[in-house]
Amino acid sequence: MHLKEVPTEVLLAAYRSAQHYELDEDFLNILKSHIREREAETVIDMEEEMSLR
């Protein structure tokens with residue numbers, strides 16, 4: 001399974017756990033970049049939705 005297929009809530013939980021257990025910084029950065037990408041997509045979707053109204 002690729003990270004793009006994982007629900008955002010699961011990514012957030014994994015990120016918090018990784019921080020808590022002080023896992024590899026590269027792993028944290030990968031999770032963080034996927035979370036930020038999704039947040040950006042959500043904002044873009046919301047802006048598009050508002051512009052259609």
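**Two helices and a loop**

Q: Where does Lys-32 lie?
A: Let's begin with a friendly reminder that this is a predicted model. The relative accessible area of Lys-32 is 25%, which makes this residue partly exposed. As for its place in the fold, Lys-32 lies in helix 2.

Q: What distance separates the C-alpha atoms of Lys-32 and Leu-11?
A: Along the chain, these two residues are 21 residues apart. In space, the separation between their C-alpha atoms is 8.5 Å.

Q: How far apart in space are Glu-9 and Ile-35, C-alpha to C-alpha?
A: Glu-9 has its place in helix 1. With a relative accessible area of 58%, Glu-9 is exposed, because the cut-off for that class is over 50%. Ile-35 is 26 residues away from Glu-9 in sequence, and in space the C-alpha distance between them is 9.3 Å.

Q: How many helices does the protein chain have?
A: There are 0 strands in the protein chain. The helices have a loop between them, with helix 1 covering 8-20 and helix 2 covering 25-52. The number of helices in the protein chain is 2.

Q: What is the radius of gyration of the protein chain, and what does the globule rule give for 53 residues?
A: The C-alpha trace spans about 45 × 20 × 15 Å along its principal axes. The protein chain is more spread out than a compact globule, because its radius of gyration is well over the value from the rule. The two values, chain and then rule, are 14 Å and 10 Å.

Q: What percentage of the 53 residues is buried?
A: Leu-31, which lies in helix 2, gives us an example. Its relative accessibility is 2%, so Leu-31 counts as buried, the cut-off being under 20%. Across the 53 residues of the protein chain, the buried share is 17%.

Q: How far apart are Leu-31 and Val-43 in space, C-alpha to C-alpha?
A: The sequence places Leu-31 and Val-43 12 residues apart. Their C-alpha to C-alpha distance in space is 19 Å.

Q: Which residue has a positive phi although it is not a glycine?
A: The residue to look for lies in the loop between helix 1 and helix 2. At 70% relative accessibility it counts as exposed, because the cut-off is over 50%. Its phi is about 50 degrees, and the residue is Glu-22.

Q: Which residues make the nonpolar surface patch?
A: One member, Leu-23, is found in the loop between helix 1 and helix 2. Leu-23 is partly exposed, with a relative accessible area of 44%, so it passes the cut-off of over 30% used for patches. The patch has an area of about 330 Å², and its makers are Tyr-21, Leu-23 and Phe-27.

Q: Which residues form the negative surface patch?
A: Take Glu-41, whose place is in helix 2. Glu-41 is partly exposed at a relative accessible area of 41%, so it too is over the 30% cut-off for patches. The residues that form this patch are Glu-37, Glu-41, Asp-45, Glu-47 and Glu-48.

Q: How far apart are the mean positions of the positive and negative charges?
A: The protein chain carries 6 positive and 13 negative charges. The distance between the mean positions of the two sets is 3 Å.

Q: What share of the accessible surface belongs to carbon and sulfur atoms?
A: The protein chain has an accessible surface of about 4500 Å². Of that surface, the share belonging to carbon and sulfur atoms is 55%.

Terms used:
Residues are numbered from 1 along each chain as its sequence is written. This is a predicted model: local features need pLDDT of at least 70, side-chain atom pairs count only at pLDDT 80 or more; totals for chains, interfaces and linings use all residues. Side-chain values use heavy atoms; hydrogens and water are left out. Patches are made of residues with over 30% relative accessible area and no salt bridge: like charges are joined within 9 Å, nonpolar side chains (Val, Leu, Ile, Met, Phe, Trp, Tyr) within 5 Å. Accessible areas come from the Shrake-Rupley method with a 1.4 Å probe; for residues, only the protein chains shown count as cover. A salt bridge is a side-chain nitrogen of Lys or Arg within 4 Å of a carboxyl oxygen of Asp or Glu. Helices (H or I, at least four residues) and strands (E, at least two) are DSSP runs, numbered from the N terminus. Buried means under 20% relative accessible area, exposed over 50%, partly exposed in between (1.4 Å probe, protein chains only). The radius of gyration is taken over C-alpha atoms; the globule rule is 2.2 Å times the number of residues to the power 0.38. Lys and Arg count as positive and Asp and Glu as negative; His and the chain ends are not counted. The place of a charge is taken as NZ of Lys, CZ of Arg, CG of Asp or CD of Glu.
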